[in-house]
Amino acid sequence: MKTFSKLKSTVVYPWTVFRKKVPLGSFIVSRIVTMIVLLYLLGFALFGLMELAPGDIVDQMMSQQIMTEMSAGKTKQSVQDAKFSEEQEQKLREEFGIDKPFYVQYGAWLKRVVIHHDLGTSLISRAPVSFLISSRIWNSVLLNLISLVFITAFSFLLGVYFSSKAGTRTDIAATFFALFFHAFPGILLLILLQLFASLTGLFPVTAYPEFPFSEAPVKFTFSYMHHIFLPLLASFLGGIGGTMRMIRSTMLDQMGMPYIMALHARGISERRVYLNHAFKNTLNPYITGSANLLAGLFSGSLILEIIFAYPGIGRLMYEAVTQQDVNLVLANSMFVSALVLAGMVISDILLAVVDPRIRYGAN
């Protein structure tokens, strides 16, 4: 009991005081701590799942060696002679650190990342993991940011517009198409668009220029816009339906509120009521949904990057998983998960800034 009382006085009481004096600050701190705990548990789960996967990186290396030898036309006996011995396999596993239990591997990885700021080396390419991620992550971030900006802008414009046309033929048609594209399988849409590009030749079948930005910046910019048009269109059509319908329904709910009737009774113009009052109150549900939208964009870009050969983080993760490159898989997964969780934390903080009831509630 004395230990518990001492703990309460040294930890709980200062936190309670801080929470009362700085409610927004305590809200932000609690969300950041939650994000760190979730990242730790996610990493632990990822290591466990990689342990459950059949085979390991050494088995992959041995299979690749056998395939290389056979493709070179060597005899079966020479291929058997070239195989790794059990001692060599064990030595390689010890060198890579995969001979220990997964929780020991996770502890060693955390120590290396937190203390030495080193993400390790790719077990396949032998290149630094930080270099591989930094060379791909900005491509994915750029593509997803462009998609997010377009989805957000058009969702608000169309959602507000069609809420003012509720019940009309235009509104019914827009709702139908929004539901259709929202329910349409994203992977099928990507394949159809790539088939369209292949048959017509109007657009490239890949989503990235063949030359680097440093070679010709202006030419690269226009070429990049041409290459990503179809993937961006697929992402836009898949994401705008649900967001537009959410904003439309929220606007309709707000327009039926008593305060809107009071504003109309005071003679305030319809445009001012829409934009200055009802529109402001649609931000809460959108901010909440934007975190899920960001997560959906990053998870959806995995398929997009594979189909359109886009050099992003999703394609890098796919290649790492198929090759069972543990260091690269974990670093990729943790990095993308950190981005998604950071988006959720930012969403919670923006909600707390917009709505004081949230930051003064339990956190």
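**View 1. Glu 319 and Arg 315 share a helix and a salt bridge.** Because Glu 319 and Arg 315 are 4 residues apart in helix H14, about one helical turn separates them. In this predicted model, the two side chains form a salt bridge, and their closest N and O atoms are 3.5 Å apart. Is Glu 319 buried, exposed or partly exposed? With a relative accessible area of 27%, Glu 319 is partly exposed. Arg 315 also counts as partly exposed, at 26% relative accessibility. To count as buried, a residue would need a value under 20%, so neither partner falls in that class. Keep this pair in mind for the next view: the structure holds 2 salt bridges.

**View 2. Asp 171 and Arg 248 meet in a salt bridge between two helices.** Here the side chains of Asp 171 and Arg 248 come together, with an N to O distance of 2.7 Å. This pair links distant parts of the chain, since the two residues are 77 residues apart. Where do the partners sit? Asp 171 belongs to helix H8, which covers residues 169-183, while Arg 248 belongs to helix H10. Both Asp 171 and Arg 248 are buried.

**View 3. Helices H8 and H10 pack against each other at an angle of about 135°.** These are the helices that carry Asp 171 and Arg 248. The axes of H8 and H10 lie 7 Å apart. How should we describe the pair, given that angles over 145 degrees count as roughly antiparallel? H8 and H10 are oblique to each other, because their angle of about 135° does not reach that cut-off. As for handedness, H8 passes H10 in a left-handed crossing.

**View 4. Helix H10 also packs with H7 and with H9.** Start with helix H7, residues 129-163, and helix H10, residues 217-255: they pack at an angle of about 40°, and their axes are 6 Å apart. That angle makes H7 oblique to H10. The crossing of H7 and H10 is right-handed. Now turn to H9, which packs with H10 at an angle of about 150°, the axes being 10 Å apart. That angle makes H9 roughly antiparallel to H10. What is the handedness of the crossing where H9 passes H10? This crossing is right-handed.

**View 5. A nonpolar patch of about 870 Å² lies on the surface.** Ten names make up the list, so let us take them in groups. The patch includes Ile 187, Leu 188, Ile 191, Leu 192, Leu 195 and Leu 199. Leu 302, Ile 303, Ile 306 and Tyr 318 also belong to the patch. Which helix gives the largest share? H9 does, with 6 residues. Helix H9 (186-200) and helix H13 (283-307) each supply at least two residues. Tyr 318 lies in helix H14, residues 313-323, the helix that also holds Glu 319 and Arg 315. At 43% relative accessibility, Tyr 318 counts as partly exposed.

**View 6. Ala 309 has a positive phi in the loop between H13 and H14.** Most residues other than glycine have a negative phi. What is the phi of Ala 309? The value is near 50°, a positive phi in a residue other than glycine. Ala 309 lies in the loop between H13 and H14. At 30% relative accessibility, Ala 309 counts as partly exposed.

**View 7. Ser 301 and Ile 313 are 12 residues apart in sequence.** How far apart are Ser 301 and Ile 313 in space, C-alpha to C-alpha? The distance is 8.8 Å. Ser 301 is found in helix H13, the helix that contributes at least two residues to the nonpolar patch of View 5. Is Ser 301 buried or exposed? Ser 301 counts as buried, at 4% relative accessibility, because that value is under the 20% limit.

Notes
Residues are numbered from 1 along each chain as its sequence is written. This is a predicted model: local features need pLDDT of at least 70, side-chain atom pairs count only at pLDDT 80 or more; totals for chains, interfaces and linings use all residues. Side-chain values use heavy atoms; hydrogens and water are left out. Patches are made of residues with over 30% relative accessible area and no salt bridge: like charges are joined within 9 Å, nonpolar side chains (Val, Leu, Ile, Met, Phe, Trp, Tyr) within 5 Å. Accessible areas come from the Shrake-Rupley method with a 1.4 Å probe; for residues, only the protein chains shown count as cover. A salt bridge is a side-chain nitrogen of Lys or Arg within 4 Å of a carboxyl oxygen of Asp or Glu. Buried means under 20% relative accessible area, exposed over 50%, partly exposed in between (1.4 Å probe, protein chains only). Axes are lines fitted to C-alpha atoms, for helices over the stretch in contact, and angles run from 0 to 180 degrees between N-to-C directions. Angles under 35 degrees count as roughly parallel, over 145 as roughly antiparallel, 65 to 115 as roughly perpendicular and the rest as oblique. A crossing is left-handed if the near helix is turned anticlockwise from the far one by less than a right angle, and right-handed if clockwise.
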